[in-house]
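Please look over the sequence and the three-dimensional structure shown below. The explanation after it leads the reader from one part of the chain to another.

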Amino acid sequence: MHNNNQKNKLLTTVYLLPTVVILLVFMIIPIIYTFYLSFFDWNLIAPNKNFVGLENYITIFTDAVNRKVLMNTFFYILLLLILNFIVPYFIAIIVQFFIGKMKGPYKVIFFIPSIFSLVVGAMLFSWIMNPVSGPLADVMKMIGLSIPNWTNSGGMAIVIVCLITNWKVFGYNFVLLLTGLGAIPKNLIDAAKIDRIPKWRVIWNIVLPLNKSIALYVLILTIVQGLQYVFTPISVITQGGPYYGSSNILYHTYLNAFVLYKTGNASALAILTFMVFLVLLYIEMRFVEGKSKKYA
């Protein structure tokens, strides 16, 4: 029996070793090294690194460009929370409790864009919304209107980038929210109908509280998308311009690291982003997965 236990422990260690090595080499060591570099001024080329302490972290909040990028990031997240959380949640509630039928086709129609590459979507939107020669510009010319040159306006570029991301992500979030609403016990809804409780009160007092875990998961997912997913359309279309007007914290980290060679500043931005992801992961584990295990 003792030999079998030792053999099982050895097999478990052998099976887990490749995963541990991959995590160590490609995640843990790079994160530690990035944290180390965040305290230095280095350009990836010079043989020596200049220790600057917390200067790179202070610069994130004091430098005008970095502050602009942080504000852009908050704007991205806020706009995507509306487009990718509030709007699909509202539509999911209408489909589940007011339409009731044909849920399958709604899921398919909304989910189709999710299977396409975001790069393809960014290029497609860029062509359609080209203010000079795009199809939309041609249609607008027929009625005597024109499309503003949105690539020259940071605010408009952010809106377009969010719409491109929304096109990609909306269906996935919609399916998650609709599935969560469909999992609510039907007997509770039927009991409320028998008591003639108004439907809006049923939704507000029963449906939304019971669907809170899925909603919180999608909310956190949307914030992560606001940080990550917009990188692709920014890189393909605006490159963070004009004058950092459409950049976000992830694209600015890439720009500092591999274009401007400000490795220390890029590392500090990366660690700040990593801390945000850790907080979101804690919230997801504490309030979503924790409750799931509680009711399992």
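The paragraphs that follow treat a pair of helices, several individual residues and one loop.

The model is a predicted one, and the description begins with two helices. Helix α7 spans residues 154-182, and helix α10 spans residues 212-228. Their axes come within 9 Å and cross at roughly 165°. An angle over 145 degrees counts as roughly antiparallel. Helices α7 and α10 are therefore roughly antiparallel to each other. The crossing in which α7 passes α10 is right-handed.

Which residues meet where α7 and α10 are in contact? On the side of α7 they are V169, Y172, N173, L176, L177 and G180. On the side of α10 they are I214, A215, Y217, V218, L221, T222 and Q225. Sorted by chemical character, the residues of this contact comprise 9 nonpolar, 4 polar and no charged.

Helix α7 also contains N166. Is this residue, N166, buried or exposed? A residue counts as buried when its relative accessible area is under 20%. The value for N166 is 15%, so N166 is buried. Leaving aside residues up to four places away in sequence, N166 touches L83 and N84. With N84 there is a polar contact: the side chains of N166 and N84 are joined by one of 2.5 Å. A separation can also be given for N166 and K103, which are 63 residues apart along the chain. The C-alpha atoms of N166 and K103 are separated by 21 Å.

The next residue to consider is L188, which is found in helix α8, residues 186-194. With a relative accessible area of 37%, L188 is partly exposed. Among residues beyond four places away in sequence, L188 touches I206 and L210. In sequence, L188 and I206 are 18 residues apart, and from C-alpha to C-alpha the distance in space is 8.1 Å.

The description now turns to a loop and its backbone. Most residues other than glycine have a negative phi, and most peptide bonds are trans. The loop between α11 (231-238) and α12 (249-258) holds P242. What kind of peptide bond joins G241 and P242? The bond is cis, with omega about -5°.

Two further residues of the loop are described by their phi values. Q239, found in the loop between α11 and α12, has a phi near 50°, which is positive although the residue is not glycine. The relative accessible area of Q239 is 43%, and this residue is partly exposed. Y243 lies in the loop between α11 and α12 as well, and its phi, near 55°, is also a positive value in a residue other than glycine. Y243 has a relative accessible area of 74%. A value over 50% counts as exposed, and Y243 is therefore exposed.

The last residue in this account is T263, whose place is in helix α13, residues 263-295. T263 has a relative accessibility of 7% and so counts as buried. Which residues does T263 touch, not counting residues up to four places away in sequence? They are L37, W42, N43, L44 and N256.

Note on methods
Residues are numbered from 1 along each chain as its sequence is written. This is a predicted model: local features need pLDDT of at least 70, side-chain atom pairs count only at pLDDT 80 or more; totals for chains, interfaces and linings use all residues. Side-chain values use heavy atoms; hydrogens and water are left out. Axes are lines fitted to C-alpha atoms, for helices over the stretch in contact, and angles run from 0 to 180 degrees between N-to-C directions. Helices (H or I, at least four residues) and strands (E, at least two) are DSSP runs, numbered from the N terminus. Angles under 35 degrees count as roughly parallel, over 145 as roughly antiparallel, 65 to 115 as roughly perpendicular and the rest as oblique. A crossing is left-handed if the near helix is turned anticlockwise from the far one by less than a right angle, and right-handed if clockwise. Contact means heavy atoms within 4.5 Å. Ala, Val, Leu, Ile, Met, Phe, Trp, Tyr, Cys and Pro count as nonpolar, Asp, Glu, Lys and Arg as charged, and the others, Gly among them, as polar. Buried means under 20% relative accessible area, exposed over 50%, partly exposed in between (1.4 Å probe, protein chains only). A polar contact is a pair of N or O atoms within 3.5 Å; within protein, one must be able to donate a hydrogen and the other to accept it, and residues adjacent in sequence count only if both atoms are side-chain atoms.
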